[in-house]
Structures are given as structure tokens and as C-alpha cells.
Amino acid sequence: MEEGALKDQLTQCMGQEGQTSLFSIGHRGAPLQFPEHTVESNVAAARMGAGILECDVTFTEDLELVCRHAQNDLHTTTNILTSPLAETCVQPFTPADGDTAALAECRTSEITLAEYRTLTPKMDAADTTATTPEAYLQGTANWRTDLYSAAPATLMTHAESIALFRSLGAKFTPELKAPSVEMPFNGFTQADYAQKLVDEYQAAGIPPSDVWLQSFNLEDVLYWIEAEPEFGAQAVYLMDEYDTEGYSPMDAGTWPNTLEELKSMGVNYIAPPTWMLVTTSADGDIVPSELAVQAKVAGLEIITWTIERSGPLKNGGGWYYQSISDLTTNDGVMYEYIDALAQDVGVVGIFSDWPATVTYYANCMGLE
């Protein structure tokens, strides 16, 4: 970090006794070093002080809810391509050929829960230059590691994640993932899917105040607000408006909904990616974006994603740092970013792939 007041304060906290913080959210556990959405990844995140843990939720062929980042990610997050279940993949492995990348697509919706349990999780990666399935399963970025993948990690159902997170003393932020299949699926509607997620918390006796349901689909959030208002009060609208042509977090005229409109719909929490919440000033400081300013005016709480997902930051930081790329010249910028999001934007939680980073900041700054 560059010399300054923030570095001085963070340095003074070295050796502090770590405390769990709700400001620190485990993003799929701690997938910087452990296979995501596994027992081991989430135990690591909890040990790093993440007060809230995430299960991204999708469903199997027999409509059981499981923790996966996407319904169609099994080819990069498990060993399915080298298992007997490779025959279930909707896109069988196709080797790379010249400039044509290797292809595969395998979905939880094509296998039963019992079959899902036979898979071995791995770090989320693929080598698209591969000519064999075995080689395709490699490709972990050199700033991540396979060190902790040597011992088999443990996949989870959503219900199992609830039991685990409760045993770890953590709260819950499940994300209802967009299906890769056409809905209804075998009679299972989108509303059924959204309701089943809530049902599993109710069956486990989890208070709604301990759960922050998430979805990129505004209709899911509105369903929870209407059908399950206690859970809907903390439902989080994940914002991906950046995919809209012409969108800018600095220009309200490009937004599909104003922040006041979202609030009037009953939305209380929004979660844009980090870069949408900040910009740079003429003096070279990280300052709130127009989106962040208007969110606070509208009375919306803000959660953001994701810290520790960009690798070394000396060359601009990539997608998550795009609005401050000119300032992103070293890894110390990460703490400046966290500080701007916490102090200037006023976010109430930050997702991290290595929650110890955010926990350290939260503990040092006295955040809950």
C-alpha cells in the first residue's frame, strides 16, 4: 500500500484477535484456495471470520436443491467429464482444434441427486486448449492453487449447507441461480423454485432475519416480497444492468429502473458489482458513483461483490476494478477499494473469495 492514514491504521491492527463480522461474506466459501461450494471451502471462510456464507442454488433432475454457481458448471467444477456421468452432458467434450477452443457443458438438471453425490469437486477452471477430458479439467489460474484439492472435498445440497452454516455460527445468503433449462421443468415452475428455497429455511427453523435471499431476476425478489414478506424484507436484488446496451452507473437515464422505483416495489437491498459503485475524482481519489449516491438517497442498503477475484492488481485489476483501473497499480489498492466502499459508499457487506481480507478490515475499523 501507499503510505498514508489508511495504511497506518491497518498496520496498527496487526496482531489483533480476529472476530467474526457480518460485513465479511464468504463468496461460495473461500474459493481462492478451496473448491467452491464445498464443506471445506465454507469451513475455511467461517474460520476467516465470514459472518455470512453463500450457497448458490440450482436443482437436479429430481428437483433437489444443490449448491452450484450455475446449473451448467459441472464440467469446470467437478470431475464429471472423466466419470461415467460424462454421457449425461448436453455438450460432450470436444477437443480443441487449431484456433477452435475445447467445448463441454454439463448440467445438474441432467442428473439425480444420488448421481450428483458421486462427483468429486475441484477448483473452477478449464484448459480450453485441451485435447483430452483429463487435460480440460486442469487450468487453475496461477494465482489460485490446487494445493487443497488433493484431498477430496465435499459437495453439498442446499439443506446441508443450512445445517453446516448454522453449526459454524454463520448467517445465510443463498442465491437462486437462473436455470439453464426451460421453465417449467418437469412441472417445476420458477415460482416453485423460488418457494422451495424459502421452504428449506422454514423447515430448518431459520429466522428470516438471518437470511438474505438473492437473485439477479427481479421477478424472484418480487415473488419473495409478495409470497414470503418476512424473507422478502431482506431479499437482495443482484444488479446486472451492466449487460444492458448503453448502461452506465454514472447516468440514471440508462437504468432500467430508478432506485426510487425499486424501493417502491418493496426492494430494500441491492447488490451491484464493486465497480458500479465507485468512480475516480479529478484528484485521483476513489469516490461514490451516481448509482451509489442515488441508492442511499432512496434508502436502499447496499451489498457488493467481489473482492479477491481478480488476481494480481498491478495491471489494472480487470473486470472488478474497471471503474478505477487507472488507480489500480498494486495489490494495496484492494484495501483502498474496500475502504471507499465501506466509508464513502456505505456498503453493509462485501463478498470475498478469501474472507480474511475483508474480515481484517472490518475488525480494524470496528464494523459489525
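Trainee: Which residues line the largest cavity?

Mentor: In this predicted model, the lining consists of Met-239, Glu-241, Tyr-247, Trp-255, Pro-256, Asn-257 and Leu-291.

Trainee: What makes this space a cavity and not a pocket?

Mentor: The test is escape. A 1.4 Å probe fits at the points of a cavity but cannot get out, whereas a pocket is an open set. The largest cavity holds about 30 Å³ of space. A search of the whole structure finds one cavity of 30 Å³ or more.

Trainee: How do the residues of its lining divide by class?

Mentor: Five are nonpolar, one is polar and one is charged. Met, Tyr, Trp, Pro and Leu count as nonpolar, Glu as charged and Asn as polar. Set that against the names: Glu-241 is therefore the charged residue and Asn-257 the polar one.

Trainee: Now the pocket. What is the volume of the largest one?

Mentor: The largest pocket has a volume of about 370 Å³. Its lining has 18 residues, and the closest to the centre are Glu-2, Gly-284, Asp-285, Ile-286 and Glu-336.

Trainee: Which helices supply at least two residues of that lining?

Mentor: Helix H1 (5-12) and helix H12 (333-345) each do. H12 gives the most, with five residues.

Trainee: How does the lining of the largest pocket divide by class?

Mentor: Seven residues are nonpolar, four are polar and seven are charged. Asp and Glu count as charged, so Glu-2, Asp-285 and Glu-336 belong to the charged class.

Trainee: Why are H1 and H13 called roughly perpendicular?

Mentor: Check the angle. The axes of H1 and helix H13 (residues 356-365) cross at roughly 90 degrees. The range for roughly perpendicular is 65 to 115. The crossing falls in that range, so the label holds. The axes also come within 9 Å.

Trainee: Which residues make the contact?

Mentor: H1 brings Leu-6, Gln-9 and Leu-10. H13 brings Tyr-360, Tyr-361, Cys-364 and Met-365. By class, the contact has six nonpolar residues, one polar and no charged.

Trainee: What makes Phe-34 and Tyr-148 a stacked pair?

Mentor: Two values decide. Rings pair if their centres lie within 6.5 Å, and planes under 30 degrees apart count as stacked. Here the centres are 4.7 Å apart and the planes are at 25 degrees, so the pair is stacked. A search of the whole structure finds 17 aromatic pairs.

Trainee: How do you know that this pair links distant parts of the chain?

Mentor: Phe-34 and Tyr-148 are 114 residues apart. Phe-34 is in the loop between strand S1 (21-26) and helix H2 (39-47). Tyr-148 is in the loop between helix H5 (133-136) and helix H6 (158-167).

Trainee: What is notable about the phi of His-37?

Mentor: Its phi is positive, about 55 degrees, although His-37 is not a glycine. His-37 is found in the loop between S1 and H2.

Trainee: What is omega for the peptide bond from Met-183 to Pro-184?

Mentor: Omega is near 0 degrees, and the bond is cis. Pro-184 sits in the loop between strand S8 (175-176) and helix H7 (190-203). The bond from Trp-305 to Thr-306 is cis too, with omega near 0 degrees. Thr-306 lies in strand S14 (residues 301-307).

Definitions and conventions. Residues numbered from 1 in each chain as written. Predicted model: local features only at pLDDT ≥ 70, side-chain atom pairs only at ≥ 80, totals over all residues. Heavy atoms only, no water. 1 Å grid on protein atoms, 1.4 Å probe; cavity = no way out; pocket = protein on both sides within 12 Å on 5 of 7 lines; lining within 4 Å. Points joined across faces, edges and corners; volume = space filled by probe spheres on them. Helix = DSSP H or I, 4+ residues; strand = E, 2+ residues; numbered from the N terminus. Axes fitted to C-alpha atoms, helices over the stretch in contact; angles between N-to-C directions. Parallel < 35°, antiparallel > 145°, perpendicular 65-115°, else oblique. Contact = heavy atoms within 4.5 Å. Phe/Tyr/Trp six-rings, centres within 6.5 Å; stacked < 30°, edge-to-face > 60°.
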